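Here are a few notes to read alongside the model, in no strict order. Have the chains in view as you go through them.

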Amino acid sequence: MRPLVLHEDRLLPADPDTRAIARQLYAGIADLPIVSPHGHTDPAWFATNANWTNATELLLAPDHYLYRMLYSQGIALESLGVPAHGVAPAADPRAAWRLFAQHYHLFRGTPSRMWLDHAFATVFGMDVALEADSADLYYDTITEQLATEAFRPRALFDRFGIEFLATTEGAHESLAHHEAISASGWNGRVVSTYRPDGVIDVEHEAFRPAMARFAELTGEDVWSWQGYLAAHRKRRADFRAIGATATDHGFPTAQTANLSPAEAEALFLKVCGDSWTAADAELFRAQMLTEMAGMSAEDGMVMQIHPGAFRNHNGGLFASHGRDKGADIPTRTDYVAALKPLLDRFGTSTTLSIILFTLDESTYARELAPLAGHYPCLKLGPSWWFHDSPEGMRRFREMTTETAGFYNTVGFNDDTRAFLSIPARHDVARRVDCAFLARLVAEHRLEDWEAAELAQELTNGLVRRAYRLDDPLD
Amino acid sequence: MRPLVLHEDRLLPADPDTRAIARQLYAGIADLPIVSPHGHTDPAWFATNANWTNATELLLAPDHYLYRMLYSQGIALESLGVPAHGVAPAADPRAAWRLFAQHYHLFRGTPSRMWLDHAFATVFGMDVALEADSADLYYDTITEQLATEAFRPRALFDRFGIEFLATTEGAHESLAHHEAISASGWNGRVVSTYRPDGVIDVEHEAFRPAMARFAELTGEDVWSWQGYLAAHRKRRADFRAIGATATDHGFPTAQTANLSPAEAEALFLKVCGDSWTAADAELFRAQMLTEMAGMSAEDGMVMQIHPGAFRNHNGGLFASHGRDKGADIPTRTDYVAALKPLLDRFGTSTTLSIILFTLDESTYARELAPLAGHYPCLKLGPSWWFHDSPEGMRRFREMTTETAGFYNTVGFNDDTRAFLSIPARHDVARRVDCAFLARLVAEHRLEDWEAAELAQELTNGLVRRAYRLDDPLD
Amino acid sequence: MRPLVLHEDRLLPADPDTRAIARQLYAGIADLPIVSPHGHTDPAWFATNANWTNATELLLAPDHYLYRMLYSQGIALESLGVPAHGVAPAADPRAAWRLFAQHYHLFRGTPSRMWLDHAFATVFGMDVALEADSADLYYDTITEQLATEAFRPRALFDRFGIEFLATTEGAHESLAHHEAISASGWNGRVVSTYRPDGVIDVEHEAFRPAMARFAELTGEDVWSWQGYLAAHRKRRADFRAIGATATDHGFPTAQTANLSPAEAEALFLKVCGDSWTAADAELFRAQMLTEMAGMSAEDGMVMQIHPGAFRNHNGGLFASHGRDKGADIPTRTDYVAALKPLLDRFGTSTTLSIILFTLDESTYARELAPLAGHYPCLKLGPSWWFHDSPEGMRRFREMTTETAGFYNTVGFNDDTRAFLSIPARHDVARRVDCAFLARLVAEHRLEDWEAAELAQELTNGLVRRAYRLDDPLD
């Protein structure tokens with residue numbers, strides 16, 4: 001079996017002088033605590049602190065980065081333990097793991113490979129590489145360790161040095177796990193993020209049940225416009241009460257609207273009825289982004305906009321397996337015209353803060369950096385999803401810094417449901433940022449002391465300020 | 001005269017450590033045979049094995065990369081020997097060559113320069129650079145050698161180490177040269193590619209004569225929908241019979257459609273008549289991509305889609321000279337919405353294989369890598385046409401690898417009609433791939449043995465499997 | 001206070017071998033005179049040669065790059081001395097300067113920082129960095145020097161080694177300052193550029209007063225189509241008479257049109273009336289680009305097209321402060337379909353020359369390089385505005401050179417109203433070009449003597465020919 005080695009200079013530039021600068025920058029921030037202001041881990045883990053079961057259920061079956069690649073090479077999702085319509089298949093977890101190990105070469109050159117190797121080595125102490133021959137060794141070693149005290153969620157949370165972790169819950173979902181965490185006396189700071197898409201997107205097949213749950217949770221008449229808005233305000237307050245500082249919005253486009261109150265109410269009533277068009281649904285999402293911006297200007301919650309994914313693109317797979325099976329594909333996204341209605345209404349607000357994300361890198365230099373380099377209420381989220389990778393992060397810095405500067409960005413988001421990859425992801429971001437800063441120093445575009453200051457900012461300072469972590473809202 | 005030297009380290013990274021890694025990777029694959037699964041060489045060359053005549057007719061007059069650049073700087077196509085409406089001008093070939101030599105500096109920094117210098121040095125043994133003063137030396141040396149046995153097409157084919165070469169013929173074109181090659185007993189593997197655009201694109205001025213020829217060749221009633229589909233099936237079988245493994249489709253967009261059989265038939269009859277619109281023509285091309293995918297799922301021919309060129313953009317030049325005069329311009333291309341109808345029908349097929357190309361690099365990371373990194377039937381063709389260049393290839397790897405991996409790509413295509421440039425083009429691709437892999441190794445993102453394995457795959461393994469070269473279809 | 005040092009190797013590549021090549025290339029062109037064929041300096045400076053007043057009024061208040069960044073971080077424009085609707089606020093210039101100095105870290109990694117530091121060090125002899133502690137030292141040192149003879153506009157023009165400088169004036173604006181410069185006997189070559197947008201864009205709120213002034217200046221009946229065209233011809237001649245060689249056009253899109261004379265006249269009369277639509281206004285701008293191309297084909301003035309800015313995007317700021325307050329945002333721009341009507345009419349002209357600019361980098365490799373690498377009348381302007389930066393310039397070369405070559409580009413434009421930044425901007429361009437050329441040499445893609453020749457061309461040769469500086473038009 002081949003050794004597994006995490007090289008201490010990984011991701012740093014090859015040129016020796018530049019590498020030396022990068023090493024020094026990285027040394028200054030490598031051990032800073034992790035601030036994770038946006039992600040999708042399960043709060044139940046931290047509420048119940050129950051052990052995970054085995055390598056496949058924790059690391060493989062829920063990770064869409066992994067099974068999308070395996071599926072693309074003809075491997076059936078069933079054989080990997082991926083659920084169909086929420087029902088886990090009969091796949092033997094060890095057999096699934098072996099299949100994964102046998103195809104691990106497919107991940108060469110991808111961030112998944114880097115994240116996994118980091119977790120294998122640093123979390124589980126593996127010192128041989130994953131391949132067919134080491135599959136069982138991996139499966140057994142990981143599964144055994146997962147059963148121990150030291151590998152319970154809270155223990156790993158502490159071991160990872162996580163200072164702040166935000167999960168994401170729907171407007172219509174319970175915060176019981178978060179309440180349990182608060183009540184437990186544990187000192188880990190785990191909060192939620194208000195994600196109201198489920199009660200806004202009338203094209204989602206579960207819109208009506210979500211609205212019913214929204215009504216229950218708030219006691220409001222959510223089918224009236226005023227009741228609906230009041231319900232949002234109530235739930236935003238509920239989220240703030242368990243520590244949330246932010247909202248999140250993930251629609252197909254970044255389109256916003258600026259309708260009059262009467263028009264907005266009429267549109268709401270229409271899309272709650274039976275005869276609306278796709279254009280009505282889009283306009284309602286657009287108007288709700290503006291309404292949410294208005295509430296953020298009131299209550300101080302930071303607004304995150306994650307637009308541009310074509311969800312569940314694979315019609316056959318959607319029919320056989322349901323949503324969220326690695327078939328979401330980015331699309332071309334406009335920000336300039338799309339955001340103007342919202343910005344015309346709230347663009348000069350001094351209390352509103354919006355963090356913009358994109359899956360369309362062509363907008364970095366053309367639209368996003370110029371927007372964030374002008375509007376006081378706009379900041380740029382880090383490179384996202386498919387672009388949360390060494391090359392993607394490098395392009396983000398190269399294409400945004402010259403126009404937006406560093407100070408209109410907000411540090412790193414791991415945006416993951418793969419809890420064990422969190423340290424790896426932050427480590428990759430820190431290394432890539434240090435590599436970028438080192439190049440600027442090596443080319444005499446920045447002084448070394450400035451780069452050291454910026455490395456701190458990119459790792460810890462900007463994220464704390466952008467997500468208002470030190471400035472409790474209520 | 002200045003010397004012409006091909007430096008052994010050309011295109012390898014300047015950093016000494018990275019270069020050393022790249023050199024070693026390149027040494028491992030530099031001499032592998034050439035597999036050329038997609039291109040536009042003339043099968044008559046290999047059927048008749050006749051000598052080429054002179055430097056201008058072989059190297060200059062047919063090469064749109066060369067005359068487009070010269071034309072852009074005010075040089076008349078007539079003076080370069082470029083035909084107008086198929087008729088060669090009266091230009092003296094030596095005078096044309098001199099004009100070219102005198103302007104050779106225009107190609108600095110372009111791949112044409114690199115391809116030509118490689119051919120000049122390795123094929124013709126030139127050791128001085130092309131410039132005004134060496135024009136006649138070049139013209140005479142090349143022209144004399146072309147008259148010899150060693151420079152006949154088959155001799156060069158063997159000397160170049162070509163293992164497989166695919167040409168491209170229309171659905172309405174003869175395969176006589178390919179049949180002659182087979183009958184000749186020569187052991188060179190030269191096959192065709194099924195390109196039915198001429199009998200699908202009703203906006204092409206030669207659609208009707210192409211259909212007439214299509215009817216003749218198949219004996220089918222091609223003006224009826226069932227006869228038309230049957231004719232496609234017959235000709236696909238004809239192409240497979242002379243070794244073809246692939247089809248090719250080059251429309252202005254990647255739009256596909258998924259009409260019912262009755263709708264498809266009605267549309268076919270409409271566009272075969274006199275009163276159709278541009279939208280009908282587009283919808284018919286879209287539907288035919290889906291029909292062709294269906295036939296590929298049946299017969300196993302690999303489907304190549306090359307969309308996104310605005311053909312014959314220069315209206316004045318089109319009037320004076322006709323088609324294909326270097327005036328094709330790439331356009332913004334959508335894949336996500338465009339391919340969905342086809343993928344909804346055949347996206348989960350286990351027998352269909354589609355190779356996607358683009359002229360719009362903004363789709364690499366945003367659309368193509370996510371699509372190929374998910375759908376089992378999709379693979380990414382290499383950087384194409386204007387982007388088949390060192391910087392273009394580098395961007396392709398940087399923007400696709402992290403999401404699609406290496407294994408959803410298909411190796412290199414030279415895609416050329418310039419036979420003598422084939423070794424140069426493959427050499428450039430090998431060097432650029434080794435440079436990319438070397439950077440990953442130098443940055444400790446890949447182990448050296450993995451890079452060596454990948455270099456083999458990118459040069460020989462992936463292309464053989466993607467184009468089903470070792471898995472005869474019939 | 002920290003030292004301010006301009007490192008002699010700034011912007012050159014870190015790899016020692018490549019840097020050595022770059023240094024040598026740069027040494028060969030560092031001291032060449034400055035040719036500035038497109039910009040927005042005020043001709044009054046050179047006509048009156050009056051001293052500037054203070055650091056804030058010269059360097060801060062008029063520079064939208066500076067105040068957009070400061071505004072994006074919540075600093076009020078009033079406090080920086082930025083005028084609202086043309087009225088300067090009561091801000092104390094020293095207080096504004098202190099505020100700027102205190103936030104100078106925001107510009108880390110931006111070209112503004114590089115331009116300013118260059119001007120601070122080389123123009124004003126500062127040897128400490130700008131920060132809160134040095135704010136007064138800077139303000140006093142700069143303001144004092146500005147009052148001296150050596151810092152009058154003409155003295156700096158000479159000291160900067162400017163050989164040619166073009167300002168930009170509207171079709172409806174006076175050329176009195178230029179006439180005064182000519183009459184003064186001063187030997188500086190300062191000319192204008194014909195910018196007719198104000199009398200073409202009927203959506204501009206000042207269209208009617210501009211037309212009135214256009215009528216006065218020309219004595220033509222500008223509200224009739226023939227009179228309007230005649231007025232353009234007259235004013236173009238006026239501009240040529242004071243040395244102008246070029247026109248400039250900056251519309252929201254690059255759309256052109258090719259209407260018949262009767263259609264054009266009807267459209268003109270419509271948009272001059274009271275009932276036109278946004279589509280009419282766009283079509284008229286489109287048609288006028290073609291009309292202007294026709295006049296350029298007649299009179300030889302080089303046509304510059306700067307499309308793609310969404311002007312005054314911030315509705316709130318537009319209401320409070322008016323135009324041009326750093327709220328212009330680039331948009332996605334099409335060239336292929338947009339330019340075809342104009343090119344169908346004049347694309348094969350041998351006298352027309354059009355220089356294309358973009359704010360949408362995704363068009364570099366996809367559209368602009370292929371267009372310029374084909375059409376004799378098209379050239380590529382350098383990276384523009386937000387992209388006039390080290391990374392932006394590098395991307396421009398990497399994405400255009402392989403298809404368009406170097407010889408279809410036109411050298412550098414500083415495009416600035418910040419006179420003191422002109423040497424810095426040209427120096428950045430020269431360094432980045434030398435870095436790019438050095439990489440090609442280090443990777444053996446170009447010979448060293450070719451790179452040296454190209455460095456001269458990119459600095460001085462191409463711009464002189466593209467803007468017809470040595471070939472007076474009348």
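1. Chain C and chain B bury about 3900 Å² between them, and carbon and sulfur atoms account for 52% of that area. Keep in mind that this is a predicted model. On the chain C side, the residues losing the most area to chain B are C:Arg366, C:His374 and C:Glu402, which together make up 20% of what that side buries. In terms of contacts, 44 residues come from chain C and 52 residues from chain B.

2. How many salt bridges are there between chain C and chain B? The count is seven. If you want one to look at, try C:Glu398 with B:Arg394, whose side chains meet at 3.2 Å, N to O.

3. Now go to chain B and chain A. About 3900 Å² is buried there, with 52% of it from carbon and sulfur atoms. In chain B, the most area lost to chain A is at B:Arg366, B:His374 and B:Glu402, together 20% of what that side buries. Contacts here join 44 residues of chain B to 52 residues of chain A. Seven salt bridges cross this interface, and the side chains of A:Glu391 and B:Arg439 meet in a salt bridge at 2.9 Å, N to O.

4. Helix α7 of chain C deserves a closer look. Residues 135-146 make up this helix, and at 1.5 Å a residue its 12 residues should span 16 Å; the end C-alpha atoms are indeed 16 Å apart, so the two agree. Which of its residues are buried? They are C:Ala135, C:Tyr138, C:Tyr139, C:Ile142, C:Thr143, C:Gln145 and C:Leu146. These residues cover an arc of only 165 degrees around the axis, so they sit on the same side of α7(C). As a reminder, an α-helix has 3.6 residues a turn, so residues three or four places apart point the same way. The cover over the buried residues of α7(C) includes α3 (55-60), α5 (93-102) and α6 (111-122) of chain C.

5. That helix also takes part in a salt bridge: the side chains of C:Asp140 and C:Arg94 meet at 2.6 Å, N to O. The pair links distant parts of the chain, with C:Asp140 in helix α7 and C:Arg94 in helix α5 of chain C, 46 residues apart. Buried or partly exposed? C:Asp140 counts as partly exposed because its relative accessibility is 28%, and C:Arg94, at 24%, counts as partly exposed too.

6. Over all chains, the search finds 132 salt bridges. One of them joins A:Glu443 to A:Arg445, with the closest N and O atoms 2.7 Å apart. A:Glu443 has 11% relative accessibility, so it counts as buried; A:Arg445, at 9%, is buried as well. In chain B, B:Glu367 pairs with B:Arg366 at 3.0 Å between the closest N and O atoms, and both B:Glu367 and B:Arg366 are buried.

7. B:Val190 is worth finding in strand β4 (residues 190-191) of chain B. Its relative accessibility is 7%, so B:Val190 counts as buried. Leaving aside neighbours within four places in sequence, the contacts of B:Val190 are B:Phe46, B:Phe157, B:Leu165, B:Thr167, B:His178, B:Ile181 and B:Ile242.

8. Last, the cysteines. The number of disulfides over all chains is zero. B:Cys434 counts as buried because its relative accessibility is 1%, and C:Cys377 is buried at 0%.

Conventions
Residues numbered from 1 in each chain as written. Chains lettered and ligands numbered in written order. Predicted model: local features only at pLDDT ≥ 70, side-chain atom pairs only at ≥ 80, totals over all residues. Heavy atoms only, no water. Disulfide = S-S within 2.5 Å. Buried < 20%, exposed > 50% of the residue type's maximum accessible area, 1.4 Å probe, protein only. Helix = DSSP H or I, 4+ residues; strand = E, 2+ residues; numbered from the N terminus. Expected span 1.5 Å × (residues − 1). Arc of directions from axis to C-beta. Contact = heavy atoms within 4.5 Å. Buried area = accessible area lost by both parts, 1.4 Å probe. Salt bridge = Lys/Arg side-chain N within 4 Å of Asp/Glu carboxyl O.
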